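Work through the following exercises with the sequence and the model open side by side. Each task is followed by a solution in steps.

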Amino acid sequence: MPSMNGLMVLHTALMQGRIAALKVSCGITLAIGLWGLAGFFGIHALFEASPLLYTLLKISGGLYLCYLGVQLIRQGMTKDPVPFHSTNDSSQATQHSFRTGILTNLANPKAPIFTSSLFATSIPTHTPLYAGLSCVGLMMGLSLLWFSGVALLVSHHPVAAQFQRFRHWIDRLSGATLFILGGHFISSRSS
């Protein structure tokens, strides 16, 4: 889970700039909170009761990751990519960044398994509501801190300038990774 999210933040920071990467970070954090709430309230039991629901989530998530991967590979094949903007918040790309962050994390079928198993193994069954919500808030806070830090560091102009030399390869590698991960989610038999 973190590697896919980190990859999305890294790629967005390098290709679309700081504002877009911070929006992706916020979207990922919100989705982590949603999965955390679902884990606390027992989504694992729901998926055990309805394996078809988990399979549908896994396939749709895998298809979305494949779609993102193809888009990145295509972007990496272009001769003249969009120039880097470290502080541009007016581009059309940043308008969809928050949604991309949410969908990237929600599309990850391993996220609900991770959060539900985390809660199942570390929080007793009769944990008070305030304690569970505090744990979800802590997860969100740490995620926002981490992903925003990555976004700010990588979008810093001297760092980004070094990465720009390898921009086509970053797009291709990021796209191939997401495509392979999506294909794995679609084809894997086990939960």
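**Exercise 1. Fold overview**

In what order do the elements of the protein run from the N terminus on?

Solution. The elements run α-α-α-α-α-α-α-α-α-α. That order fits the count of 10 helices and 0 strands. Helices (H or I, at least four residues) and strands (E, at least two) are DSSP runs, numbered from the N terminus. The model is predicted, so local features need pLDDT of at least 70 and side-chain atom pairs count only at pLDDT 80 or more, while totals for chains, interfaces and linings use all residues. Residues are numbered from 1 along each chain as its sequence is written, and side-chain values use heavy atoms, with hydrogens and water left out.

Next, take the totals. Of the 191 residues, 42% count as buried; buried means under 20% relative accessible area, exposed over 50%, and partly exposed in between (1.4 Å probe, protein chains only). Contact means heavy atoms within 4.5 Å. Among contacts between residues at least 6 apart in sequence, 88% join residues at least 24 apart.

**Exercise 2. The nonpolar cores**

Find which residues have the most contacts inside the largest nonpolar core, and which elements supply that core.

Solution. A nonpolar core is a set of buried Ala, Val, Leu, Ile, Met, Phe, Trp, Tyr and Cys residues joined through side-chain atoms within 4.5 Å. The largest one has 29 residues, and those with the most contacts inside it are Val9, Leu14, Ile28, Leu65, Leu68, Phe119 and Leu178. Two or more residues come from each of α1 (2-15), α2 (18-40), α4 (51-77), α8 (129-154) and α10 (167-187). The most come from α1, which gives 7 residues.

Now take Leu68. Leaving aside its neighbours within four places in sequence, Leu68 is in contact with Met8, Thr104 and Leu178. A second, separate core has 7 residues, among them Ile43, Phe47, Tyr54 and Ala111.

**Exercise 3. One side of a helix**

Which residues of helix α6 are buried, and why do they lie on the same side?

Solution. In α6 (residues 97-106), the buried residues are Ser97, Gly101, Ile102, Thr104 and Asn105. They lie on the same side of α6 because they cover an arc of only 165° around the axis. The arc is that of the directions from the helix axis to the C-beta atoms.

**Exercise 4. Two helix pairs**

Describe how α4 packs against α10, then do the same for α2 and α8.

Solution. Axes are lines fitted to C-alpha atoms, for helices over the stretch in contact, and angles run from 0 to 180 degrees between N-to-C directions. The axes of α4 and α10 come within 7 Å and cross at roughly 160°. Therefore α4 is roughly antiparallel to α10, a term for angles over 145 degrees. The crossing of α4 and α10 is left-handed, meaning that the near helix is turned anticlockwise from the far one by less than a right angle; clockwise would be right-handed.

For the other pair, the axes of α2 and α8 come within 9 Å and cross at roughly 160°. That makes α2 roughly antiparallel to α8. The crossing of α2 and α8 is right-handed.

**Exercise 5. Two buried positions**

Is Gly33 buried or exposed?

Solution. Gly33 lies in helix α2 and is buried, with a relative accessible area of 2%. Leaving aside its neighbours within four places in sequence, Gly33 is in contact with Val136 and Met140. Gly33 and Gly141 are 108 residues apart in sequence and 9.3 Å apart in space, C-alpha to C-alpha.

Repeat the steps for Arg167. Arg167 is in helix α10 and is buried, with a relative accessible area of 5%. The C-alpha atoms of Arg167 and His11 are separated by 9.4 Å, with the two positions 156 residues apart along the chain counted as their spacing.

Notes: Parallel < 35°, antiparallel > 145°, perpendicular 65-115°, else oblique.
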